[in-house]
Amino acid sequence: MEIRNYTIGLSPMDGITDAAFRLTQVEIAKPDLMFTEFVSAEGIAHNAIRLFDQLLYSPKERPIIGQLFGKDPDSFYIATIVLCHLGFDGIDINMGCPAKKVTQHGSGIALIENPELAGKIILATKKGIADYQNNPKVFNKLKLKQKVISLLSKRGQGEIENKKIGFSIKTRTGINNSVVSTWIPFLCSFKPDSITLHGRTLKQGYSGLANWDEIAKAAIICHDSNIKIFGNGDLQSRQMANEYCQKYGTDGALIGRATMGNPWVFDNKNVSFKEKYQAMLIHARHFTKIFPHRCFDPLRHHFLLYVSGHPNASALRQQIVKLTSIDQLCALEQSIVG
Ligand SMILES: Cc1cc2nc3c(=O)[nH]c(=O)nc-3n(C[C@H](O)[C@H](O)[C@H](O)COP(=O)(O)O)c2cc1C
């Protein structure tokens, strides 16, 4: 049977899919859709200037969706307008994060157990998008601090006239057991443009396998309401993602962990360590240019993943954990490329 081409995107990953990672991904094998890491709606609404690093992006990434998490509807309203002002193509609400630091405050996946609040957050976000599309000058009424306004005024990607800004939700199948049959119709009742479903419960964390049968059930529910659905969980390549979309009836899929140290996932390509080394250099150059004030630490984590499977991986790992500059990475070329 011939497999169709579906919309296959890069899944958001906090601490991983920052602007440097995504730009590297774009230049090597562009996904059809990308998301920022999740950003706190309350943090943005309260002028937490350091969070704005997570909202950096290049127009080459389009379509690029800004993802928010939190529990305060008023903050979602403000943060949504800020993201619209920054020119994002869509706003996504995180209702799937299982991390304790997020769920203990009632955000992320905890919202599955608090549908009343989830509904208020969705309505506040939709109102933010509608108000901005109606009149972008609503941004000027937000009463943000001057330091944030000056920072945002330096960001060039701003308004694109009459652009439709999408609205979506990313979630999991449930807390202890799947509640797809009640949770997904509830989300659909708010008419998002799309829903992404990671086929695991909170209890599962990242263990076991994603349950794609539950994703298939959710796909039927979404399609009955004319809403698009992206499946997510354990996909290893664009080809596998296309096959799963066809088999489980989704409109597309997101790939997360398989992209770490392997941006060729979206090209279905196996590459040599020479190409991997070139990608490490591209990634490092983007990182140091985009985040000149940040130290090299987050990059070392990526480099360890790029060299996984290398015949000298353990010796290389010992050198990589000490890297502090691009020059030192250049000195490793021979050891990596061979
Ligand atoms: C390190 C890490 C960080 C993540 N951060 C986010 C996040 O910020 N927002 C989100 O919606 N999901 C986040 N996720 C979940 C992924 O987007 C994805 O749903 C999950 O990893 C399953 O897909 P995969 O099997 O393709 O990795 C994160 C996952 C990982 C491993």
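Asn268 sits in the loop between strand 8 (252-255) and helix 10. In this predicted model, Asn268 has a positive phi of about 55°, even though it is not a glycine. How buried or exposed is Asn268? With 13 C-beta neighbours inside 10 Å, Asn268 comes out as partly exposed. A second non-glycine residue with a positive phi is Lys143, at about 60°. Lys143 belongs to the loop between helix 5 (115-134) and helix 6 (146-154). Just 8 other C-beta atoms lie within 10 Å of Lys143, so this residue counts as exposed; the cut-off for that class is 12 or fewer.

Another backbone feature turns up at Pro63. The peptide bond leading from Arg62 into Pro63 is cis, with omega near 0°. Pro63 itself is found in the loop between helix 2 (41-45) and strand 3 (64-69).

Now for the domains. The domain assignment splits the chain into domain 1 (7-267) and domain 2 (273-337). The C-alpha centres of the two domains are 29 Å apart. Where domain 1 meets domain 2, twelve residues of domain 1 are in contact with eleven residues of domain 2. Sorted by class, the domain 1 side of this contact is made up of eight nonpolar, two polar and two charged residues.

Helix 10 (residues 273-290) and helix 11 (residues 297-306) make up a packed pair, with axes that come within 10 Å and cross at roughly 170°. Which way do helix 10 and helix 11 run, roughly parallel or roughly antiparallel? An angle over 145 degrees counts as roughly antiparallel, and helix 10 and helix 11 are therefore roughly antiparallel to each other. On the helix 10 side, the contact is made by Lys276, Ala279, Met280, His283, Ala284 and Phe287, and on the helix 11 side by Leu299, His302, Phe303 and Tyr306. Taken by class, the residues of this contact are seven nonpolar, two polar and one charged.

The four helix 11 residues Leu299, His302, Phe303 and Tyr306 are also buried. Looking down the axis of helix 11, the buried residues fall within an arc of 105°, so they line one face of the helix. What do the buried residues of helix 11 pack against? Their partners are helix 10 and helix 12 (313-320).

Back in the part of the chain assigned to domain 1 (7-267), two residues are worth a look for their links to other stretches of sequence. Thr250 lies in the loop between helix 9 (238-248) and strand 8. Thr250 has 27 other C-beta atoms within 10 Å and is buried, since the class starts at 20 or more. Leaving aside residues up to four places away in sequence, Thr250 touches Ile215, Ala219, Ile229, Phe230, Gly231 and Cys245. One of these, Ile215, is 35 residues away from Thr250 along the chain, yet their C-alpha atoms are separated by 7.9 Å.

Lys217 is part of helix 8 (residues 212-224). With 19 other C-beta atoms within 10 Å, Lys217 is partly exposed; buried would take 20 or more. Again not counting residues up to four places away in sequence, Lys217 touches Val180 and Ser181. Lys217 and Val180 are 37 residues apart along the chain, and 7.5 Å separates their C-alpha atoms.

Definitions and conventions
Residues are numbered from 1 along each chain as its sequence is written. This is a predicted model: local features need pLDDT of at least 70, side-chain atom pairs count only at pLDDT 80 or more; totals for chains, interfaces and linings use all residues. Axes are lines fitted to C-alpha atoms, for helices over the stretch in contact, and angles run from 0 to 180 degrees between N-to-C directions. Helices (H or I, at least four residues) and strands (E, at least two) are DSSP runs, numbered from the N terminus. Angles under 35 degrees count as roughly parallel, over 145 as roughly antiparallel, 65 to 115 as roughly perpendicular and the rest as oblique. Two residues are in contact if their C-beta atoms, placed from the backbone, lie within 7 Å. Ala, Val, Leu, Ile, Met, Phe, Trp, Tyr, Cys and Pro count as nonpolar, Asp, Glu, Lys and Arg as charged, and the others, Gly among them, as polar. The arc is that of the directions from the helix axis to the C-beta atoms. Domain bounds come from an automatic or database domain assignment.
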